Amino acid sequence: MSTLAHTMMTAARAADSGLVGPGELDRYPYAEAPVADRVGLPAWEGGEPELGRVGRRAAGSRGRGLHGQLVQQLGQMIVSGDLGADRPLVPEEIGQRFEVSRTVVRESLRVLEAKGLVSARPNVGTRVRPVSDWNLLDPDIIEWRAFGPQRDDQRRELSELRWTIEPLAARLAAGHGREDIQQRLADMVEIMGHALGQGDALTFSRADAEFHSLLLQVAGNRMLEHLSGIVSAALQVSGGPVTGCDRPTESSLAHHARIVDALAAGDSGAAEAAMRQLLTVHPEVERVVPAPREH
């Protein structure tokens, strides 16, 4: 039985083997799905003192609670251009605007400095750094750019980056006999198939994100594995027809299944080709990357 046929069965085997079934993926530390219609960014003067309304997800890199929420708020404002390089970030003013302590402000600015968004220098204070200094591969910055004025450029750049690294990862993964991860990939495809039948887009997207993360892990290249966070961020913020993974479809599911079949057969060429097909499911992508040639 091919993997594609297998995916259309129920997820009973996944549950029996101790794996999560549809609707149970919340046991995993996935980020919450992005709000697709969230396009407005806050202005400095209109900052909400009740920061709990601001954060959409509490990423580990920016912390939790008020600290994480303030990083989220300030990060969005910097990336959107609401806080430009010509304006110093005065900790006392930030604390008053958002009704948080100096400690929270200080820790938040340190996180933003580590991301390359701001710099603190004696006699100069804390200021926003130019875009060329930002860590554009940071998942938080990817998210902030993807939901700000630079959304179109960010999604195009993510699509181009994925087109570069994921087909290579699929080719390399076919040469590594990691049966445990290959089985895990097959389980994710099975969950995706069941979610597709149930119209459960959230479960589909979560299993999809784990599929792509696992594939980078099994490639056997530590540098590619390090990029898994970027791919996960790309899937979370896709929000438009820039990849074959932004919405549950039979075509997307079939390409995922073909990747698993190629890995099981050790066919690196087929795995790479299936990944390229997956990343060009939607015709809009052809404006960004060429469709794979038939051999």
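Let's start with a pair of helices: helix 3 passes helix 6 in a right-handed crossing. This is a predicted model, and the points below go from that crossing to the nonpolar cores, then to a hairpin and two residues with positive phi.

**The helix 3 and helix 6 pair**
- Helix 3 covers residues 65-80 and helix 6 covers residues 139-146; they pack at an angle of about 55 degrees, and their axes are 9 Å apart.
- That angle makes helix 3 oblique to helix 6, because angles of 65 to 115 degrees would count as roughly perpendicular and those under 35 degrees as roughly parallel.
- On the helix 3 side, the meeting residues are Val-71, Gln-72, Gly-75, Gln-76 and Val-79. Helix 6 brings Glu-143, Trp-144 and Arg-145 to meet them.

**The nonpolar cores**
- As a general backdrop, nonpolar side chains in soluble globular proteins tend to be buried together.
- Here the largest nonpolar core contains 30 residues. Leu-185, Phe-211, Leu-215, Ile-259, Leu-263 and Met-275 have the most contacts inside it.
- At least two residues of this core come from each of helix 7 (151-173), helix 8 (179-198), helix 9 (201-218), helix 12 (250-265) and helix 13 (268-278).
- Helix 8 gives the largest share of this core, with nine residues.
- Which residues does Phe-211 contact, leaving aside its neighbours within four places in sequence? They are Leu-185, Met-188, Val-189, His-256, Ile-259 and Val-260.
- There is also a second, separate core, made of 22 residues and including Met-77, Leu-83, Ile-94 and Phe-98.

**The hairpin**
- Strand 2 (residues 118-121) and strand 3 (residues 125-128) run antiparallel and are joined by four bridges.
- Within this pairing, Ser-119 stands opposite Arg-127 of strand 3.
- Three residues lie between the two strands of the hairpin, and Asn-123 is in the turn.

**Two residues with positive phi**
- Most residues other than glycine have a negative phi, so a positive value is worth a look.
- Glu-99 has a phi near 55 degrees and sits in the loop between helix 4 (91-98) and helix 5 (102-114).
- Is Glu-99 buried or exposed? Its relative accessible area is 61%, and since over 50% counts as exposed, Glu-99 is exposed.
- Asn-123, in the loop between strand 2 and strand 3, has a phi near 65 degrees.
- Asn-123 also counts as exposed, because its relative accessibility is 87%.

Technical notes. Residues numbered from 1 in each chain as written. Predicted model: local features only at pLDDT ≥ 70, side-chain atom pairs only at ≥ 80, totals over all residues. Heavy atoms only, no water. Core = buried A, V, L, I, M, F, W, Y, C linked by side-chain atoms within 4.5 Å. Buried < 20%, exposed > 50% of the residue type's maximum accessible area, 1.4 Å probe, protein only. Contact = heavy atoms within 4.5 Å. Pairing = 2+ DSSP bridges. Axes fitted to C-alpha atoms, helices over the stretch in contact; angles between N-to-C directions. Parallel < 35°, antiparallel > 145°, perpendicular 65-115°, else oblique. Left-handed = near helix turned anticlockwise from the far one by under 90°.
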